[in-house]
Amino acid sequence: MTEDFFADYEKFVVPPLYPFTGEKQKFNPKDYASYYILTVSLYDSLISNWNDAAKYKIDVRNCIDHVLNDFNEKKGGKYHLQLLEFESDKSYFVIALSIKNKIEKEKINGIISKYIEQLVSNSFYIGQSWYWLIGQKGKRDRKLFNITIKEYMH
């Protein structure tokens with residue numbers, strides 16, 4: 001093999017479609033068509049409040065911030081998640097989900113529940129080790145959260 005073998009590599013470089021700029025995009029509600037408030041609690045929880053997660057060496061607030069920021073970077077423009085309420089002495093947190101397109105009211109609970117379970121829950125379950133916070137029933141069902149969904153009308 002010669003040293004010039006990769007001399008024309010520039011022709012094969014595929015730059016990312018959405019380059020990371022290092023800047024967080026600001027949330028503009030006018031960019032979205034529908035908004036939902038999600039109250040999130042653990043399914044089959046082993047803890048009575050978020051403070052108890054320290055026993056498992058889990059910093060819940062940092063985990064939430066990390067997962068939401070990661071989600072917003074990946075899904076920016078189509079969906080946006082924002083933490084509205086977190087208190088360490090409670091057993092739930094509240095997030096806002098903004099969606100670019102309108103979704104039929106009959107389908108929204110199923111779509112959001114499935115979407116959150118598949119995308120966001122896995123980031124918590126595996127990426128942030130939240131599987132320590134749920135019991136055997138939750139692990140067997142591979143379910144991390146109970147989520148209540150209410151449409152936000154402004």
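Tyr-32 is buried in this predicted model, because its relative accessible area is 11%, which falls under the 20% limit for that class. The ring of Tyr-32 forms an aromatic pair with Phe-27, and the pair is stacked, with 5.5 Å from centre to centre and 25° between the planes. Phe-27, in contrast to its partner, counts as partly exposed, because its relative accessible area is 30%. Tyr-32 also meets a charge, since the charged end of Lys-100 sits over its ring at 5.9 Å from the centre. An arrangement of this kind is found again at Tyr-43, where Lys-143 lies over the face of the ring, 5.2 Å from the ring centre.

**Around His-80 and Asn-72**

Both members of the stacked pair, Phe-27 and Tyr-32, are among the residues that His-80 touches, and beyond these the contacts of His-80 include Phe-71, Asn-72, Ala-96, Leu-97 and Ser-98, when residues up to four places away in sequence are not counted. His-80 is part of strand β2, which covers residues 79-86, and it counts as buried because its relative accessibility is 13%.

Asn-72, one of the residues in contact with His-80, belongs to helix α1 and counts as buried as well, at 17% relative accessibility. Apart from neighbours within four places in sequence, Asn-72 is in contact with Tyr-79, His-80 and Leu-81. How far apart in space are Asn-72 and Phe-27, which are separated by 45 residues in sequence? From C-alpha to C-alpha the distance is 9.9 Å.

**The sheet and the helices on it**

Strand β2 is one member of an open sheet of four strands, which are arranged in the order β2-β3-β1-β4 with antiparallel pairing. The edges of this sheet are taken by β2 and β4, and because each of them has a single partner strand, one side of each is left without a neighbour in the sheet. On average, and with direction ignored, neighbouring strands of the sheet are turned by 25° against each other. In general, the strands of a sheet pair through backbone hydrogen bonds, in either a parallel or an antiparallel manner. Here β1 and β3 pair in the antiparallel sense over eight bridges, and Ser-41 has Tyr-92 in β3 as its bridge partner.

Helix α1 lies across β2 and β3 and runs at about 160° to β2, while α2 packs on the sheet, where it touches β1, β2, β3 and β4, its direction making about 140° with that of β4.

Thr-39 is a residue of strand β1, which spans residues 34-42, and it counts as partly exposed because its relative accessibility is 28%. With neighbours within four places in sequence left aside, Thr-39 is in contact with Tyr-92, Phe-93, Val-94, Asn-146, Ile-147 and Thr-148. Glu-10, by contrast, is 29 residues from Thr-39 in sequence but 48 Å from it in space, C-alpha to C-alpha.

**The nonpolar core and its rings**

The largest nonpolar core has 36 residues, and those with the most contacts inside it are Phe-93, Phe-124 and Trp-130. At least two residues of this core are supplied by each of β1, α1 (60-75), β2, β3 (92-99), α2 (105-127) and β4 (145-151), and α2 gives the most, with seven residues.

The contacts of Trp-130, not counting residues up to four places away in sequence, are Leu-42, Trp-50, Ile-58, Val-60, Cys-63, Ile-64, Phe-93, Phe-124, Tyr-125, Leu-144 and Phe-145. Trp-130 is also part of a cluster in which ring pairs link Trp-50, Phe-86, Phe-93, Phe-124, Trp-130 and Phe-145.

In total, the count comes to 11 aromatic pairs, and two of them are set side by side below.

| Aromatic pair | Type | Centre to centre | Between the planes |
|---|---|---|---|
| Phe-27 and Tyr-32 | stacked | 5.5 Å | 25° |
| Trp-50 and Phe-93 | tilted | 5.8 Å | 50° |

The pair of Trp-50 and Phe-93 links distant parts of the chain, with Trp-50 in the loop between β1 and α1 and Phe-93 in strand β3, 43 residues apart. Are these two residues buried or exposed? Trp-50 counts as buried because its relative accessibility is 4%, and Phe-93 counts as buried because its value is 2%.

Note on methods: Residues are numbered from 1 along each chain as its sequence is written. This is a predicted model: local features need pLDDT of at least 70, side-chain atom pairs count only at pLDDT 80 or more; totals for chains, interfaces and linings use all residues. Side-chain values use heavy atoms; hydrogens and water are left out. Buried means under 20% relative accessible area, exposed over 50%, partly exposed in between (1.4 Å probe, protein chains only). Contact means heavy atoms within 4.5 Å. A nonpolar core is a set of buried Ala, Val, Leu, Ile, Met, Phe, Trp, Tyr and Cys residues joined through side-chain atoms within 4.5 Å. Rings of Phe, Tyr and Trp (its six-membered ring) pair if their centres lie within 6.5 Å; planes under 30 degrees apart count as stacked, over 60 as edge-to-face and the rest as tilted. A charge sits over a ring if NZ of Lys or CZ of Arg is within 6 Å of the ring centre and within 35 degrees of the ring normal. Two strands pair if DSSP finds at least two bridges between them. Axes are lines fitted to C-alpha atoms, for helices over the stretch in contact, and angles run from 0 to 180 degrees between N-to-C directions.
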